[in-house]
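Trainee: I am new to this structure and would like a close look at a single part of it, the helix with its buried and exposed sides, and then at what surrounds that part. Could you take me through it slowly?

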Amino acid sequence: MSAATTRSRTARTPAPDRLCAEAVDLARSAAEEAAAPGVVGEHVALVSEGDRVVTHYFECKEPGYRGWRWAVTVARASRAKNVTLDEAVLLPGTDALLAPEWVPWSERLRPGDMGPGDLLPTEAEDLRLEPGYTGEDEAPPNSVVSEMSEELADLVDAEDAELTTRPEATDRGSIAAVAEELGMRRARVLSRYGLHAAADRWDEAFGAKTPMAQAAPASCDTCAFLVPIAGSLRQAFGVCANEFSPADGRVVSLSYGCGGHSEAAVMPKPPKPAPHALDTMQVDEYLLRPARDGGSVPAEPDAPSEDLGHS
């Protein structure tokens, strides 16, 4: 293949039409008519868009539109001498200040953004949820399942005959009652994806890989302050009830831990004080006169002394 053939097949931009290129004043007046007064700046460039079609670019002096340019496209019909106006728009340049890409509100929402009175709707096809039991799929009246349900209800009523009866929304022993007792009588329940997403989120916040758990003396599965939760997640999570723990009132992983573990440092019993050497509670008796049987001097008088013969 020759070089001439290659050049002929390459699409080339045609040279700007002379009359369209000289229509700068027409393009400026169109830009000034579309923009506010005094915001159209100098003519910066022109680009050939095709045969007898040229776009003129003017600087934009509008505050907040740094790097933007007014683009005015003019054209001329074949064999015509008059240049006509096509459009005038404001376009960003290579260094224009642009707004960030728009993100839907459902993706912008972060934990803690909701306040009192705010409503957070969930999508109909939310992957975190799946249909629950609402009673719409109950078995027909004459089916085997319905008969078994009636027998179970009679058995439950017989066992509860001694209890005080009270009106209930559903019959005891029915499928709806069992579903309500298990917490499944709801329009939608958590799906497996929703359970895994919650478990990953909780484990990331209060799990075994956190610095607090790495320095803890023991894990939460042996702590007395751990309150079990219901459902399948109780095998891996619980609620902390230690007011001095950083996870108080939070769902924590069983492999999480902190310095507030109930068995981390059991305080010893205070030592029993030794008895005082000086008893300050006993009253000592002091006699005004010494006892007759006390002391080293006898109480009886001495025998009469003999006359020593002194004059």
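Mentor: Before we turn to what covers the helix, one term is needed: two residues are in contact when they have heavy atoms within 4.5 Å of each other. Please also keep in mind that this is a predicted model.

As a setting for the part you asked about, the protein has eight helices and nine strands, and of its 311 residues 23% count as buried. Among the contacts between residues at least 6 apart in sequence, 50% join residues at least 24 apart.

The helix to look at is H7, which runs over residues 192-205. With 14 residues at 1.5 Å a residue, helix H7 should span 20 Å, and because its end C-alpha atoms are in fact 20 Å apart, the expected and the computed lengths agree. Which residues of H7 are buried? They are Gly194, Ala198 and Ala199, where buried means a relative accessible area under 20%. These buried residues cover an arc of only 130 degrees around the axis, and therefore they sit on the same side of H7. There is a general reason to expect such a pattern: an α-helix has 3.6 residues a turn, so residues three or four places apart point the same way.

The opposite face is the one to compare with this. Turned away from the buried side of H7 are the exposed residues Arg192, Tyr193, Asp200 and Glu204. As for the cover over the buried residues of H7, it includes strand S6, residues 188-190, and strand S8, residues 237-240.

Strand S8 is a useful place from which to look further, since the loops on either side of it hold residues worth a careful look. In the loop between S7 and S8 lies serine 232, which counts as partly exposed because its relative accessibility is 49%. Serine 232 also brings us back to the helix, for its C-alpha atom is 9.0 Å from that of leucine 195, although the two residues are 37 apart in sequence. In the loop between S8 and strand S9, the latter being residues 251-253, we find serine 245. Serine 245 has a relative accessible area of 7%, so it is buried, and, when residues up to four places away in sequence are not counted, it touches Cys240 and Cys258.

Those three residues lead to an enclosed space. The structure holds one cavity of 30 Å³ or more, and the largest cavity has a volume of about 100 Å³. Of the 16 residues that line this cavity, the ones nearest its centre are Cys220, Cys223, Cys240, Ser245 and Cys258. By class, the lining of the largest cavity divides into 10 nonpolar residues and six polar ones, with no charged residue at all.

Cysteine 220, one of the residues nearest the centre of that cavity, is placed in the loop between helix H8, residues 211-214, and strand S7, residues 226-228. Is cysteine 220 buried or exposed? Its relative accessibility is 11%, and therefore it counts as buried. Leaving aside neighbours within four places in sequence, cysteine 220 is in contact with Leu226, Val252, Ser253, Leu254, Tyr256 and Gly257. For one of these partners a backbone distance can be given as well: the C-alpha atoms of cysteine 220 and serine 253 are separated by 7.3 Å, while the two residues are 33 apart along the chain.

For comparison with the cavity, consider the open space in this model. The largest pocket holds about 500 Å³ of space, and of the 13 residues that line it, those closest to its centre are Ser106, Leu109, Leu120, Asp126 and Arg128. The largest share of the pocket lining, three residues, comes from helix H4, residues 105-108. Whereas the cavity lining has no charged residues, the lining of the largest pocket has six charged residues, together with five nonpolar and two polar ones.

To return to the part you asked about, then, helix H7 has Gly194, Ala198 and Ala199 as its buried residues, with strands S6 and S8 among the elements that cover them, and it carries Arg192, Tyr193, Asp200 and Glu204 on the face turned away.

Terms used:
Residues are numbered from 1 along each chain as its sequence is written. This is a predicted model: local features need pLDDT of at least 70, side-chain atom pairs count only at pLDDT 80 or more; totals for chains, interfaces and linings use all residues. Side-chain values use heavy atoms; hydrogens and water are left out. On a 1 Å grid over the protein atoms alone, a cavity is a set of points where a 1.4 Å probe fits but cannot get out, and a pocket is an open set with protein on both sides within 12 Å along at least five of seven lines; lining residues have an atom within 4 Å of a point. Grid points are joined across faces, edges and corners, and a volume is the space filled by probe spheres set on the points. Helices (H or I, at least four residues) and strands (E, at least two) are DSSP runs, numbered from the N terminus. Ala, Val, Leu, Ile, Met, Phe, Trp, Tyr, Cys and Pro count as nonpolar, Asp, Glu, Lys and Arg as charged, and the others, Gly among them, as polar. Buried means under 20% relative accessible area, exposed over 50%, partly exposed in between (1.4 Å probe, protein chains only). The expected span of a helix is 1.5 Å times one less than its number of residues. The arc is that of the directions from the helix axis to the C-beta atoms.
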